[in-house]
Amino acid sequence: SPDGEEGFPGKVTLQVTHTVTDRDEWLISYNATTDKDTVVALTNHAYFNLNGNVENTPTVMEHILTMPTGDAYIEVDATLL
């Protein structure tokens, strides 16, 4: 982003690398540089169609997520809270 964007000082240059490991892990690596002292807070909000079939899976509510290595989970109520 250019110097002064959103009121923040400094030009920010960002490199994002996505990697899939041999253990089927998806890793995201961020590298940001600036030319002035500034705040950098990076995150990711990617969403995926886990089913791979958009026509038969219009919402995430039709998805089934399996985590075979998970040893804990949080129960939710009917409103998913």
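These notebook entries record what I looked up in a predicted model.

**Entry 1: surface patch.** I first looked for nonpolar side chains gathered on the surface. I found a nonpolar patch formed by Leu-14, Val-16, Tyr-30, Val-40 and Leu-42. Together these residues have about 370 Å² of accessible area. I then took up Leu-42, one of the patch members. Leu-42 sits in the segment that follows strand 2, which spans 26-34. Its relative accessibility is 39%, so I class Leu-42 as partly exposed.

**Entry 2: positive phi angles.** Next I checked the backbone for positive phi in residues other than glycine. Glu-6 has such a value, with phi near 55°. I located Glu-6 in the segment before strand 1, which spans 12-20. Glu-6 is exposed because its relative accessible area is 70%, and the cut-off for that class is over 50%.

I noted Asp-24 under the same heading: its phi is near 60°, again positive in a residue that is not glycine. Asp-24 belongs to the loop that joins strand 1 and strand 2. With a relative accessible area of 68%, Asp-24 is likewise recorded as exposed.

**Entry 3: largest pocket.** Finally I turned to pockets. For the largest pocket I recorded a volume of about 220 Å³. Its lining comprises 14 residues. Those nearest the pocket centre are Ser-1, Glu-5, Val-12, Val-39 and Val-40. Sorting the lining by class, I obtained 9 nonpolar, 3 polar and 2 charged residues. I also noted that Val-40 appears in two entries: it belongs to the nonpolar surface patch, and it is among the residues nearest the centre of the largest pocket.

Terms used:
Residues are numbered from 1 along each chain as its sequence is written. This is a predicted model: local features need pLDDT of at least 70, side-chain atom pairs count only at pLDDT 80 or more; totals for chains, interfaces and linings use all residues. Side-chain values use heavy atoms; hydrogens and water are left out. Patches are made of residues with over 30% relative accessible area and no salt bridge: like charges are joined within 9 Å, nonpolar side chains (Val, Leu, Ile, Met, Phe, Trp, Tyr) within 5 Å. Accessible areas come from the Shrake-Rupley method with a 1.4 Å probe; for residues, only the protein chains shown count as cover. A salt bridge is a side-chain nitrogen of Lys or Arg within 4 Å of a carboxyl oxygen of Asp or Glu. Helices (H or I, at least four residues) and strands (E, at least two) are DSSP runs, numbered from the N terminus. Buried means under 20% relative accessible area, exposed over 50%, partly exposed in between (1.4 Å probe, protein chains only). On a 1 Å grid over the protein atoms alone, a cavity is a set of points where a 1.4 Å probe fits but cannot get out, and a pocket is an open set with protein on both sides within 12 Å along at least five of seven lines; lining residues have an atom within 4 Å of a point. Grid points are joined across faces, edges and corners, and a volume is the space filled by probe spheres set on the points. Ala, Val, Leu, Ile, Met, Phe, Trp, Tyr, Cys and Pro count as nonpolar, Asp, Glu, Lys and Arg as charged, and the others, Gly among them, as polar.
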